[in-house]
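Hello,

Here is the structure I promised to pass on to you. Have a look at it first, and then read my notes below.

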Amino acid sequence: MSKKIKIAIAGLGNVAAAIVMGIEFYKNVKPQDMYVNGLMNPALGGYLPSDIQVVAAFDVATTKINKDISEAIYAEPNCCQPIVKKEDMPKLNALCYPGPIADGCYTSPDGNLSTYEFFRAYNESEVQPVDVARVLKDTGAEILINILPVGSYKASRIYAQAALDAGCGFINGIPEFIISEQVSGDKDWVAEFEKRGLPCAGDDIKSQVGATLSHRVIAKMFLDRGVVIKDTYQLNIGGNGDFYNMKMEGRLTTKRKSKTSAVTCVLPYPIKCRIGPSDYVPFLQDKKICYIRVNGTTYGNLPLVMDAKLRVEDSPNSAGVMLDLIRIMKIALDRKIAGRLESISSFSFKHPHIQPPSDVIAKQWVQEFIDGKKER
Ligand SMILES: NC(=O)c1ccc[n+]([C@@H]2O[C@H](COP(=O)([O-])OP(=O)(O)OC[C@H]3O[C@@H](n4cnc5c(N)ncnc54)[C@H](O)[C@@H]3O)[C@@H](O)[C@H]2O)c1
């Protein structure tokens, strides 16, 4: 059992940058530290953030490929807050490899493959993508994290297959339904991971204190306090690559489903609901602003309306959740647990196989898993 947790990342965008910088930022966290800004679990099951080692990444942006990851995370169009300045980031001696493009990018009006207005994917006639499974094996990666752009149906499955072929655990951070349910016409990925003795978790990471969690908590409070919700909406704006990509409604089907079901599932009755990314505002960069409106009816049929606004740096908000997920998956690997990790999936993802009755209960399930009282 090795103490280091070797991970690889598919999609070295803003969330990945926040994960990589976070490992350096939190390098001095000690096992006895109880309250550390931004960490739900400074130490988790004997593992610290500093135990995580990024050994490989895969991307398609010409600005990032074939660079050391410590350099590539600062390359455009990434705009994540530099919680570690570029000059203070140690070299990782781990490369960002050219991955298969598939549908990670769309064809922009000028005919180039892109996910962003000022970024281009490598030219497929000039650059040969690597064999992802081969790289995972050669670098000794134990876990592969998928954080590709929304709408990457095929590309996500290429990376999931590579994780299987290389014997890696798989974390699916994006709204592609691979771990939470079997999509019609798709293979049973969970069964495949189980067959090969590998753990998997997903789908679509839920931020630490983000729009989804806030909306769920408000909806649950209305339910518990007898205020019947008539309708609700959640509008989100931001200026990062994720928001730019999500301007394309055609890439958004699963994102809307994931975000909407994460909120409506806490209510036992149907409501009118509209949730999703609402606009791309370039100068906001990695800031996300979320507006939540909940229209309810209370005592004596009187109206009760709640408006909430959240302003947050988007990508770091999910990186802390990833640091926990990685360490939970390492515990699963140590314990030789294969298949879907239910408790951490219910806690950390918007679209898990089992939606927990509340986030408090999901947190209990995770603790029981860490303590060895819950099998998965
Ligand atoms: N930001 C958050 O808090 C948050 C929360 C939940 C889910 N997510 C999801 O995580 C994903 C990543 O978000 P982000 O903000 O880092 O986006 P991003 O656009 O900054 O990063 C995506 C990266 O993937 C790369 N890419 C595109 N096609 C690829 C391919 N075929 N192979 C390898 N790399 C490829 C892009 O070049 C880019 O670097 C999105 O799907 C997003 O919805 C993000």
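**Two domains and a sheet**

The C-alpha centres of domain 1 and domain 2 are 25 Å apart. Please keep in mind as you read that this is a predicted model.

According to the domain assignment, domain 1 is made up of 5–206 + 316–370, while domain 2 covers 211–313. Where they meet, 25 residues of domain 1 are in contact with 24 residues of domain 2. On the side of domain 1 that touches domain 2, the residues divide into 10 nonpolar, nine polar and six charged.

Next, a sheet you may like to find on your screen. It is an open sheet of four strands in the order β11-β10-β12-β13, with mixed pairing. Why is one side of β11 and of β13 left without a neighbour in the sheet? Strands β11 (272–280) and β13 (302–313) stand at the edges and have a single partner strand each, so there is no neighbour on one side of either. On average, neighbouring strands of this sheet are turned by 10° against each other, if direction is ignored.

For a closer view, try the pair β10 and β12. Strand β10 (residues 228–238) and strand β12 (residues 287–298) run antiparallel and are joined by 10 bridges. As a landmark, Thr232 stands opposite Val294 in β12.

Finally, helix α6 (residues 211–224) packs on the sheet, where the helix touches β10, β12 and β13. The direction of α6 makes about 10° with that of β12.

Enjoy exploring, and do write back with any questions.

Best wishes

Conventions:
Residues are numbered from 1 along each chain as its sequence is written. This is a predicted model: local features need pLDDT of at least 70, side-chain atom pairs count only at pLDDT 80 or more; totals for chains, interfaces and linings use all residues. Domain bounds come from an automatic or database domain assignment. Two residues are in contact if their C-beta atoms, placed from the backbone, lie within 7 Å. Ala, Val, Leu, Ile, Met, Phe, Trp, Tyr, Cys and Pro count as nonpolar, Asp, Glu, Lys and Arg as charged, and the others, Gly among them, as polar. Two strands pair if DSSP finds at least two bridges between them. Helices (H or I, at least four residues) and strands (E, at least two) are DSSP runs, numbered from the N terminus. Axes are lines fitted to C-alpha atoms, for helices over the stretch in contact, and angles run from 0 to 180 degrees between N-to-C directions.
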